[in-house]
Amino acid sequence: KPSLAELARAKGLRVGSAMNARQLDDANYRALILRECETIVAENEHKMYVIQPDPGPMNFAPSDALADFARTNGLKMRGHTLVWHHPRWLPDWINETEFSSPSAAEAELRRYISAVASRNQDVIYSWDVVNEAVDETTGEYRETSYSRAMGGAPEVIDACFRIARDAAPGATLAYNDYMSWEGGSANHRTGVLRLLEDLHKRGTPIDALGVQSHSNQDMPDEFTPAKKRAWRAFVDDVTSMGFDIYLTEFDVNDTRLPPDPALRDRIIAAYTEEYLGMMLEYEEVKDLLVWGMTDRDSWLQTFLPREDGVEKRPAPYDSRFRPKPMRDAIARALRQA
Ligand code: G3I
């Protein structure tokens with residue numbers, strides 16, 4: 001049976017998964033990654049709150065360990081993320097800094113991004129330079145200590161991409177966010193589109209939009225034709241500006257589905273095939289990464305647990321590492337791409 005990576009490669013695509021430092025010590029997880037994936041992305045280890053939680057020395061050990069694993073095993077790697085432009089996920093010491101001038105803020109960004117993006121360039125082919133800078137409800141830019149100093153988020157983001165291009169000239173550079181096709185997110189899409197148009201006009205060195213693809217609590221049966229049309233219009237607008245698309249964090253949240261595991265698996269698989277079928281029609285889509293290979297390891301178990309306490313099933317493999325219908329749905333979507 002061909003692996004997901006083989007099926008993807010035949011179509012000029014890369015398939016991969018998030019992986020974290022803890023999973024490096026798990027032989028079963030390592031084997032699953034090596035069996036199915038061509039690329040990995042660090043779930044948390046490249047984030048600023050891991051690399052530099054305090055203004056002291058930078059901690060590259062966890063992200064280097066993942067890059068070493070990729071290198072040793074002939075895998076590729078995406079970098080996630082240089083600047084998570086959201087105060088909640090920036091270290092306190094950055095949130096508390098009052099930069100004395102725009103250039104002081106830019107110098108701090110240059111110091112940090114240059115150090116991180118220049119490492120492991122032999123395996124890291126792409127960076128999420130900036131993550132989640134647009135507020136999901138209002139579509140406005142999130143404010144940070146950088147944006148207060150530099151006159152606005154677009155100025156910060158433009159600078160981040162220029163610095164990343166200098167530091168890692170061989171890597172493709174993406175803006176990554178979770179805008180989706182679901183109800184209530186029209187403002188989010190509009191805000192992201194405005195950002196991309198702004199960067200496009202400035203000549204910012206950005207290659208791609210990362211579409212995280214966490215499906216939300218609204219469930220697949222609500223993926224109506226009207227929502228699909230609105231979503232396609234958004235993707236068309238993005239690709240017509242010349243951007244590639246990476247599906248960077250795919251999983252299916254089953255918060256509101258009935259508890260029966262087999263039923264949930266069928267609904268999730270049908271949704272997976274429908275969503276990926278639609279997205280893989282775009283030749284601009286280059287990567288498909290899932291946000292964790294197994295239900296056991298999904299962030300959704302603890303972040304958004306089900307009210308009935310039943311284990312969630314958002315990933316292609318179950319907690320005992322058995323392939324689920326979702327895995328075969330991904331395979332079918334890749335075959336049809
Ligand atoms: O490392 C500490 C550990 O020492 C401590 O015992 C434990 C207790 O809570 O917390 C651990 O840190 C957690 C970390 O994950 C590692 O597991 C943080 O609390 C937790 O907030 C963090 O969550 C991550 C989250 O991003 C925030 O950074 C998730 O694992 C990760 O899956 C999630 O990934 C994000 C993407 O980066 C961006 N898109 C959305 C996606 C899902 O939220």
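**Figure 1. Helix H9 and its buried face.** In this predicted model, helix H9 runs over residues 186-202. Its 17 residues should span 24 Å at 1.5 Å a residue, and its end C-alpha atoms are indeed 24 Å apart, so expectation and model agree. If you look for the residues of H9 that are buried, you will find His188, Arg189, Gly191, Val192, Leu195 and Leu199. These residues cover an arc of only 165 degrees around the axis, which means that they sit on the same side of H9. Among the elements that cover them are helix H8 (153-167), strand S5 (172-177) and helix H10 (225-240). Just after H9 comes glycine 203, with a positive phi near 75 degrees.

**Figure 2. Leucine 82 and the largest nonpolar core.** This core holds 94 residues, and those touching the most other members are Leu82, Val129, Cys160, Ala164 and Ile245. Helix H8 supplies the largest share of the core, with 8 residues. Which residues does leucine 82 touch, not counting those up to four places away in sequence? They are Ile113, Val116, Ala117, Trp127, Val129, Val130, Cys160 and Ala164. Three of these names, Val129, Cys160 and Ala164, also appear among the residues that touch the most other core members. As background, nonpolar side chains tend to be buried together in soluble globular proteins.

**Figure 3. Helix H13 and what covers it.** Helix H13 takes in residues 325-336. From its first C-alpha to its last, this helix of 12 residues reaches 16 Å, close to the 16 Å expected at 1.5 Å a residue. Buried in H13 are Met326, Arg327, Ala329, Ile330, Ala331, Ala333 and Leu334. The cover over these residues includes helix H1 (4-9), strand S8 (244-252) and helix H11 (261-280).

**Figure 4. Arginine 71 in helix H4.** Here the view centres on arginine 71, part of helix H4 (residues 61-72). Is arginine 71 buried or partly exposed? Arginine 71 counts as partly exposed because it has 15 C-beta neighbours inside 10 Å, while a buried residue needs 20 or more. Apart from neighbours within four places in sequence, arginine 71 is in contact with Asp122 and Val123. Asparagine 120 is 49 residues away from arginine 71 along the chain, yet their C-alpha atoms are separated by 9.0 Å.

**Figure 5. A cis peptide bond at threonine 81.** The bond that joins histidine 80 and threonine 81 is cis, with omega at about 0 degrees. Threonine 81 belongs to strand S3 (residues 76-84). For comparison, most peptide bonds are trans, and most residues other than glycine have a negative phi.

**Figure 6. Glutamate 132 and serine 213, two residues with positive phi.** Glutamate 132 is not a glycine, but its phi is positive, at about 50 degrees. You can find glutamate 132 in the loop between strand S4 (124-131) and helix H7 (145-150). Glutamate 132 has 23 other C-beta atoms within 10 Å and is therefore buried. Serine 213, also not a glycine, has a positive phi of about 70 degrees. The loop that holds serine 213 lies between strand S6 (208-211) and strand S7 (214-215). Serine 213 counts as buried because it has 22 C-beta neighbours inside 10 Å.

**Figure 7. Proline 261 in helix H11.** Proline 261 is a residue of helix H11. With 16 C-beta neighbours inside 10 Å, proline 261 counts as partly exposed. Aspartate 287 is 26 residues apart from proline 261 along the chain, and 29 Å separates their C-alpha atoms.

**Figure 8. The chain behind the close-ups.** The chain has 13 helices and 9 strands, and its C-alpha atoms fill a box of roughly 60 × 45 × 40 Å along the principal axes. A compact globule of 337 residues would have a radius of gyration near 20 Å, and the 19 Å of this chain agrees with that. Of the 337 residues, 45% count as buried. Among contacts between residues at least 6 apart in sequence, 77% join residues at least 24 apart. The average pLDDT of the chain is 96, and 98% of the residues score at least 70. For the complex, the predictor gives an ipTM of 0.94 and a pTM of 0.97.

Conventions:
Residues are numbered from 1 along each chain as its sequence is written. This is a predicted model: local features need pLDDT of at least 70, side-chain atom pairs count only at pLDDT 80 or more; totals for chains, interfaces and linings use all residues. Helices (H or I, at least four residues) and strands (E, at least two) are DSSP runs, numbered from the N terminus. The expected span of a helix is 1.5 Å times one less than its number of residues. A residue is buried if 20 or more other C-beta atoms lie within 10 Å of its own, exposed if 12 or fewer, and partly exposed in between; C-beta atoms are placed from the backbone. The arc is that of the directions from the helix axis to the C-beta atoms. Two residues are in contact if their C-beta atoms, placed from the backbone, lie within 7 Å. A nonpolar core is a set of buried Ala, Val, Leu, Ile, Met, Phe, Trp, Tyr and Cys residues joined through C-beta atoms within 7 Å. The radius of gyration is taken over C-alpha atoms; the globule rule is 2.2 Å times the number of residues to the power 0.38. pLDDT is the predictor's confidence in each residue, from 0 to 100.
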